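This briefing concerns the nonpolar cores, a surface patch and the salt bridges of one structure. The sequence and model are shown first, and the points follow by topic.

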Amino acid sequence: FEEEVKKFLGLTDRETVAVSTGHAALHLGLMLAGVGPGDQVITPSFNNIADFQAILAVGAEPVFCDIADDSLCLDLEKAGDLVSARTKALIAMDYDCMLCEHDEVAAFAEKHRLRVIHDAAHAFGSQHRGRMVGSFSDICMFSFDPVKTITCIDGGMLVVRSGEERQRLPEMRL
């Protein structure tokens, strides 16, 4: 399954790891990003509770950010006001068929030295500026819950940048 998803997404420089749920993918993504107790994670306020639960599960604090009216995705201008010395990561969530401006998200993260967990739970098979979702984000997660684009009754997938991160995930998912 992991190899078929990798092939479907056209990944040549990324790795895929299947997990039990989308929530598990978010949780493990935050752990891979080094998020832990005392850290803060900026997340859209208009979001699924699973993102908030995953942040709390690693001992971090969710920092709720407003969304842009036109996309229902994270408003990066408002997110800039929320970055603090404790901010470790940012969750960029694609909402329904509305995708974040991922190039701007990447630039924002680089400027503030943040890891990005791309919540693409509803975006499997989508493209952003001609690139498959999952092929460009720092850490990307998909969900295969019954209400998602592709379903396996349940399940999730993480897409990561390095073989080193990929090697850590099978043990972490257990």
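A residue is called buried under 20% relative accessible area, exposed over 50% and partly exposed in between, with a 1.4 Å probe and protein chains only. The model is predicted, so local features need pLDDT of at least 70 and side-chain atom pairs count only at pLDDT 80 or more, while totals for chains, interfaces and linings use all residues. Residues are numbered from 1 along each chain as its sequence is written, and side-chain values use heavy atoms, with hydrogens and water left out.

**Nonpolar cores**

- The largest nonpolar core (buried Ala, Val, Leu, Ile, Met, Phe, Trp, Tyr and Cys residues joined through side-chain atoms within 4.5 Å) has 25 residues.
- Leu-30, Val-35, Val-41, Ile-117, Leu-158 and Leu-169 have the most contacts inside this core.
- Two or more residues each come from S1 (15-19), H2 (22-32), H3 (49-57), S4 (87-93), S8 (139-143) and S9 (156-160); helices (H or I, at least four residues) and strands (E, at least two) are DSSP runs numbered from the N terminus.
- Helix H2 gives the largest share of the core, 6 residues.
- Leaving aside residues up to four places away in sequence, Leu-169 is in contact (heavy atoms within 4.5 Å) with Val-17, Leu-28, Leu-32, Leu-158 and Val-160.
- Another core, of 16 residues, lies apart from the largest one and includes Ala-120, Phe-136, Phe-142 and Met-157.

**Salt bridges**

- The structure holds 14 salt bridges, each defined as a side-chain nitrogen of Lys or Arg within 4 Å of a carboxyl oxygen of Asp or Glu.
- Side chains of opposite charge can pair when their charged atoms come close.
- Glu-101 and Arg-129 pair at 2.6 Å, N to O, and this links distant parts of the chain: Glu-101 is in the loop between S4 and H5, Arg-129 in the loop between S6 (127-128) and S7 (131-132), 28 residues apart.
- Arg-129 is exposed at 55% relative accessible area, whereas Glu-101 is partly exposed at 35%.
- A network of salt bridges links Glu-101, Asp-103, Arg-129 and Arg-131.
- Arg-115 and Glu-165 form a salt bridge whose closest N and O atoms are 3.0 Å apart; Arg-115 belongs to strand S5 (residues 115-119) and Glu-165 to helix H6 (residues 163-173), 50 residues apart.
- Glu-165 is buried at 10% relative accessible area, and Arg-115 is partly exposed at 23%.
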